[in-house]
Amino acid sequence: MAYVIGNDCIACGTCIDECPVGAISEGEIYSINPDTCTECGTCSEVCPSEAISLPE
């Protein structure tokens, strides 16, 4: 299951630079393409607002 970005996203861009497969898209709140995400967790580890997680 791919990681998701929640409403706590501050659109800082940190996750985009860290994603090894380019699954994250910019926007008011960033989004992760579930078909591209490899579930490596790198984005979640670097997110300063802790807005990225696996869905429950």
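**Group meeting: cysteines, core and loops in a predicted model**

I'll start with cysteine 19, which is buried, at a relative accessible area of 17%. Keep in mind throughout that this is a predicted model.

What is the distance from the sulfur of cysteine 19 to the closest cysteine sulfur? That neighbour is in cysteine 40, and the gap is 6.1 Å, which is too far for a bond. The cut-off for calling a disulfide is a sulfur pair within 2.5 Å. Cysteine 43 is likewise in no disulfide, and the nearest cysteine sulfur to it, in cysteine 37, is 6.1 Å away. For the structure as a whole, the disulfide count is zero.

Let me stay with cysteine 43. Is it buried or exposed? Its relative accessibility is 8%, so cysteine 43 counts as buried. Leaving out residues up to four places away in sequence, cysteine 43 touches Tyr3, Cys15, Ile24, Ile32 and Ile52. The largest nonpolar core has 15 residues, and those that touch the most other members are Ile5, Ile24, Ile32, Cys43 and Ile52. So three of the names you just heard as contacts of cysteine 43, namely Ile24, Ile32 and Ile52, come up again in that group.

Next to cysteine 43 in the numbering is serine 44, which sits in helix H2. Serine 44 counts as partly exposed, because its relative accessibility is 25%. With residues up to four places away again left out, serine 44 touches Tyr3 and Ile52. Both of those are also contacts of cysteine 43. Serine 44 and cysteine 15 are 29 residues apart along the chain, yet their C-alpha atoms are separated by 7.6 Å.

Now the overall layout. The chain has two helices and four strands. In sequence order the pattern is β-α-β-β-α-β. The radius of gyration is 10 Å, close to the 10 Å that the globule rule gives for 56 residues, so the chain is as compact as a globular protein of that length. Along the principal axes, the C-alpha atoms fill a box of roughly 25 × 25 × 20 Å.

Some totals for the chain. Of its 56 residues, 30% count as buried. Among contacts with a separation of 6 or more, 57% are between residues 24 or more positions apart. The accessible surface is about 3600 Å², and carbon and sulfur atoms make up 43% of it.

On to the loops, and two backbone angles. Most residues other than glycine have a negative phi. Which way does alanine 11 go, positive or negative? Alanine 11 has a positive phi of about 55 degrees, although it is not a glycine. Its place is the loop between strand S1 (4-5) and helix H1 (14-18), and with a relative accessible area of 29% alanine 11 is partly exposed.

Glutamate 39 is the other case I want to show: its phi is positive too, at about 60 degrees, and it is not a glycine either. Glutamate 39 lies in the loop between strand S3 (31-32) and H2. At 40% relative accessibility, glutamate 39 counts as partly exposed.

Last residue: glutamate 50, in the loop between helix H2 (42-46) and strand S4 (52-53). Is glutamate 50 buried or exposed? Its relative accessibility is 68%, so glutamate 50 counts as exposed. Measuring from C-alpha to C-alpha in the model, glutamate 50 is 13 Å from isoleucine 29, with their positions 21 residues apart in sequence numbering.

Conventions:
Residues are numbered from 1 along each chain as its sequence is written. This is a predicted model: local features need pLDDT of at least 70, side-chain atom pairs count only at pLDDT 80 or more; totals for chains, interfaces and linings use all residues. Side-chain values use heavy atoms; hydrogens and water are left out. Buried means under 20% relative accessible area, exposed over 50%, partly exposed in between (1.4 Å probe, protein chains only). A nonpolar core is a set of buried Ala, Val, Leu, Ile, Met, Phe, Trp, Tyr and Cys residues joined through side-chain atoms within 4.5 Å. Contact means heavy atoms within 4.5 Å. The radius of gyration is taken over C-alpha atoms; the globule rule is 2.2 Å times the number of residues to the power 0.38. Accessible areas come from the Shrake-Rupley method with a 1.4 Å probe; for residues, only the protein chains shown count as cover.
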